[in-house]
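Dear colleague,

I am handing over the structure we spoke about, and below it I have set out what was found in it. Please read the notes with the coordinates open beside them.

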Amino acid sequence: GVGSLFAGGYGTAERPYLISNATEFANIRNAPSSYFVLTQDISLGNISPIDSFSGTFDGHGYTLSGWDYSPTTSGNAGLFREITSNGTVKNVTISNCTIVSVDGAYGTLNIGLVCGTNNGTISNVIVCGNSNIYGDMGSIDQNNNSDTFAGGICGTNCGTIEYCGVINSTINGYSGSGIDKGTANCWVGGIAGRTLSNSTISDCYSHGNTIKATAKGKVHKVWFSWVEACGWANIGGLVGRTDGTDIAITRSISYSNTISGTAEGADSRKNQGSLIGYVFSTPTMEYCYSESSDTLFGQGSVSGGYKISSLTAEGAIHNLTGFADHKWIQDSSGGHLSIAQNKELAISGGKVEYFVGEPLNLDGLSIEAVKNDVKEDRSLITGGFMVSGYDPNMIGVQTVTITYGKIIGTYNVTVAKPEI
């Protein structure tokens, strides 16, 4: 059965499939609507992406690293090609990974390290460690467009991205070498290349990245006339372009990124902003910040975007309006932000007195993950944990251990002889 492809579990919310190596990660494709958890850090090598993912993947705070993949076709490219409306990817760091697409044909390419297109939820995912995302739609044919949408998290966002960071990485997009009547579109963002209708980006952070877009419409002779395809480049520290209705971008920061772009051809346009490259459709924006020396929006503008002079002082993030109780924490140098991770488990309630031979009963047991934050933050854990340390035949006080990813909690139970 499918269960034999993983280190354990049943693929349910209460008992998810356990993933302990790259082969088991690749086997997600065999049960893409199930529940999965990482049990340790994994080096992925050159495994192929998961196609369409509608399940829940919980990294439990572990790291996926060393992925090196080169897609050769248009469409979606990422660890998950597409996350559907029912899919969730959360609580994982993606470090020192490379996805480089070089495609000589025309078409549309959505490329990001987490996924090409997100229709679901991506939460608490960090891309870092000099990761590299490069999307290339190398040519545009007659009467056809060449579109590249590249982002640190995803190429195109149609869902929710929250509490995600892209740090010290490279996001590079290219569309071009076109001939008659085509358009070379290249939209690149630190978080997402573009975000469309009914989408949300909240509590995200883009820092220290190189973000670049190149769109080239090449002059070419068709019959007896010279024609020129146009090139459009939209580059943003958070998002390359917003396009659609009911888009929300809130409490997010673009800081200390190197942003650049090139657009060539008839009616060529380059729109470059430290928050959004091209505000084609106006999103709802609240408490978004970038450096005072930057242009926030390449074309168009939105209220809710602000300039700040510095984020280098320790704890400076919590002095910004809208961030006093934020889950981000800041290191002692002030230069690096990270999402507050689960630090310990708080366990209460439940059955604690047993007779010899009774199985452990978790009914009524409350398990909460506690974060180290500016204020205590707890979240109820209902599945994906492991239990150890209970022996129904050993009389006396026993310590039961609950393990949830990298964190543990304990509580005591007593086993006694039955009364006669």
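**Cores, sheet, rings and cysteines**

In this predicted model, the largest nonpolar core has 72 residues, and the members that touch the most others are Phe-25, Phe-57, Phe-80 and Ile-153. Another core, of 15 residues, lies apart from it and includes Ile-367, Val-400, Ile-407 and Tyr-411. As background to both, nonpolar side chains in soluble globular proteins tend to be buried together.

Turning to the strands, there is an open sheet of six, paired in parallel and ordered β7-β11-β15-β20-β25-β32. Its edges are formed by β7 (68–69) and β32 (258–264), each of which pairs on one side only. Within that order, β20 (residues 170–175) and β25 (residues 210–216) are joined in the parallel sense over six bridges, and Tyr-174 is found opposite Thr-214 of β25.

The aromatic residues may interest you as well, since a pair of rings is described by the distance of the centres and the angle of the planes. The structure holds 14 aromatic pairs. In one of them, Phe-53 with Phe-80, the ring centres are 4.9 Å apart and the planes meet at 40 degrees, so this pair counts as tilted. Because Phe-53 belongs to strand β4 (residues 50–53) and Phe-80 to strand β9 (residues 80–83), the pair ties together parts that are 27 residues apart in sequence. Phe-53 and Phe-80 are both buried, and they belong to one aromatic cluster together with Phe-6, Tyr-17, Phe-25, Phe-36 and Phe-57.

Two charged side chains are also placed over rings. The charged end of Arg-194 sits over the ring of Phe-149, at 3.7 Å from its centre, while Lys-351 lies over the face of Tyr-354, with 4.9 Å to the ring centre.

How many disulfides does the structure hold? The count is zero, and two cysteines illustrate the point. For Cys-128, the closest cysteine sulfur is that of Cys-97, and the distance of 9.0 Å is too far for a bond; Cys-128 itself counts as buried, at 17% relative accessibility. Cys-204 is likewise in no disulfide, the nearest cysteine sulfur being that of Cys-164, 4.9 Å away, whereas a disulfide would need the two sulfur atoms within 2.5 Å. Cys-204 is buried too, with a relative accessible area of 0%.

With best regards

How values were computed:
Residues are numbered from 1 along each chain as its sequence is written. This is a predicted model: local features need pLDDT of at least 70, side-chain atom pairs count only at pLDDT 80 or more; totals for chains, interfaces and linings use all residues. Side-chain values use heavy atoms; hydrogens and water are left out. A nonpolar core is a set of buried Ala, Val, Leu, Ile, Met, Phe, Trp, Tyr and Cys residues joined through side-chain atoms within 4.5 Å. Buried means under 20% relative accessible area, exposed over 50%, partly exposed in between (1.4 Å probe, protein chains only). Two strands pair if DSSP finds at least two bridges between them. Helices (H or I, at least four residues) and strands (E, at least two) are DSSP runs, numbered from the N terminus. Rings of Phe, Tyr and Trp (its six-membered ring) pair if their centres lie within 6.5 Å; planes under 30 degrees apart count as stacked, over 60 as edge-to-face and the rest as tilted. A charge sits over a ring if NZ of Lys or CZ of Arg is within 6 Å of the ring centre and within 35 degrees of the ring normal.
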